Amino acid sequence: MTTAPAASVIIPAYNESKALKRLLPRLHDASPDARFEVIVVCNGCHDDSFEVASRFGDNIRVINQVEGSKTKALNAGDAIAKAFPRIYLDADSEVTPDDLAAICKTLEKPGVLAAGAMADFDASGSSWAVAAYYRAWSLLPFGRNPSSIGGSGIYALSREGRARFEAFPDVIADDGFINHLFTAAEKARCTDCVVRITPPRNWWSLVKIKSRVYRGNRQLQAMGIHPPAESNKTGSGIVSLILSPRTMLPATIYAFTQVAARLYAHLIQPLTRQRWQRDETTR
C-alpha cells in the first residue's frame with residue numbers, strides 16, 4: 001500500500017540544472033516515514049533542468065512549462081499537488097527531509113498557518129565584500145524575526161493558510177505577497193529548518209539580485225500591500241552596527257549595497273527592460 005505523502009513540496013525551476021543536481025538527491029532519499037510529494041515545475045528553461053529532474057523517477061513529479069514565470073509555476077504545482085502542508089521551495093535552496101519535517105511540525109502549533117525558516121549563507125566562495133554584506137545581514141533582526149517568513153527561499157502553508165488566497169498573482173515577490181496575508185501571531189519561523197544558500201560570487205551580482213527585492217516591494221506597494229511593521233527595524237539595526245567598531249566595516253558595506261541596489265532598481269534596470277534579476281555566478 002502506498003504511503004500518503006506527509007506534505008507537498010513545489011519547486012519552481014528556471015534554468016536550475018546545477019541547483020537541482022544538488023537539491024533533488026537529498027529529497028529523493030527521504031525516509032519512508034517522512035515521505036514528501038516533490039513537484040518540480042520547469043518554466044521557460046533553456047538548459048537540461050527538465051531532464052535532470054526527470055531522472056529521479058516516480059518520487060519526483062516534473063512539469064515542463066513553456067512560459068518562464070515563477071508564480072505561474074507555483075500555480076501549476078499547486079494544481080496537481082495532493083497533500084498539506086504545502087511547501088514552496090526555491091530550487092537554489094538546499095534543504096534535507098529533516099528540514100522539511102521540521103517546518104511542517106511548526107505548522108502544528110496552535111494558530112500557526114504559515115511557517116518560514118532560518119537562512120545559512122555560505123559566502124566562503126564569494127568576494128570579501130559579499131562576505132561582509134552577509135556578516136552584517138546575519139546580525140540584523142529580519143532574518144531571525146519569529147513572525148516573518150521571508151528571506152530563506154522556503155515557506156510552508158497549512159491547508160487553512162493556503163485557503164487565504166485562490167492563486168498566486170503575477171508578482172515578483174511571492175514571499176512578500178504571502179507574508180501580508182497573515183498576522184504576526186499566524187506566522188512562525190522554524191529554527192530547526194535551516195536552508196543553506198550560496199550567495200553571489202561578486203558584489204555587482206549581489207547588487208542586481210537585491211534590486212529585485214526593491215522592485216518586488218514597489219510592485220506590492222502599488223497593489224496596496226505594504227511591508228509588515230516588524231520588518232521596519234532594519235534601519236535602526238544597521239545604524240547600531242555602523243556605530244560599533246567591531247561591525248562598522250560590514251555594516252557600511254551592507255548599507256552601501258542596499259543604496260546601490262535601490263538606485264539600480266529605480267534608475268538603471270528599467271532602461272534594460274528586464275523584469276527578472278538573478279545570480280548567474282553560482283549557476
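**View 1. Salt bridges across the predicted model.** Searching the whole structure turns up 11 salt bridges. Keep in mind that this is a predicted model. A few of the salt bridges get their own close-ups below.

**View 2. Asp78 and Arg162, a buried pair.** Here the side chains of Asp78 and Arg162 come together in a salt bridge, with an N to O distance of 2.9 Å. The two partners come from distant parts of the chain: Asp78 belongs to helix 3 (residues 70-80) and Arg162 to helix 6 (residues 159-162), with these positions 84 residues apart in the numbering. Both Asp78 and Arg162 are buried.

**View 3. Arg196 reaches Asp99.** The closest N and O atoms of this salt bridge sit 2.6 Å apart. Again, distant parts of the chain are linked, since Arg196 is in strand 8 and Asp99 is in helix 4 (residues 97-106), 97 residues apart. How buried or exposed is each partner? Arg196 has a relative accessible area of 25%, so it counts as partly exposed. Asp99 has just 7%, so it counts as buried.

**View 4. Arg164 and Glu186, a loop-to-loop contact.** In this salt bridge the closest N and O atoms are 2.7 Å apart. Arg164 lies in the loop between helix 6 and helix 7 (174-180), while Glu186 lies in the loop between helix 7 and strand 8, so the pair ties together parts 22 residues apart in sequence. Arg164 is partly exposed at 36% relative accessible area, whereas Glu186 is buried at 17%.

**View 5. A small network of shared partners.** Arg22, Arg26 and Glu94 are joined into one network by salt bridges that share partners.

**View 6. Strand 8 and its neighbours.** Strand 8 (residues 187-197) pairs with strand 5 (residues 93-94) in the antiparallel sense, over two bridges. Look for Ser93, whose bridge partner in strand 8 is Ile197. Strand 6 (residues 114-121) runs parallel to strand 8, and eight bridges join them. Which residue of strand 8 stands opposite Met118? That would be Val194.

**View 7. A positive patch on the surface.** Lys18, Lys21, Arg55 and Arg201 gather here in a surface patch of positive charge. One of them, Lys18, sits in helix 1 (residues 17-28). Is Lys18 buried, partly exposed or exposed? Its relative accessibility is 46%, so Lys18 counts as partly exposed.

Methods. Residues numbered from 1 in each chain as written. Predicted model: local features only at pLDDT ≥ 70, side-chain atom pairs only at ≥ 80, totals over all residues. Heavy atoms only, no water. Pairing = 2+ DSSP bridges. Helix = DSSP H or I, 4+ residues; strand = E, 2+ residues; numbered from the N terminus. Patch = residues over 30% accessible without salt bridge, like charges linked within 9 Å, V, L, I, M, F, W, Y side chains within 5 Å. Areas by Shrake-Rupley, 256 points an atom, 1.4 Å probe, with all protein chains shown as cover. Salt bridge = Lys/Arg side-chain N within 4 Å of Asp/Glu carboxyl O. Lys, Arg positive; Asp, Glu negative; His and termini not counted. Charge placed at Lys NZ, Arg CZ, Asp CG, Glu CD. Buried < 20%, exposed > 50% of the residue type's maximum accessible area, 1.4 Å probe, protein only.
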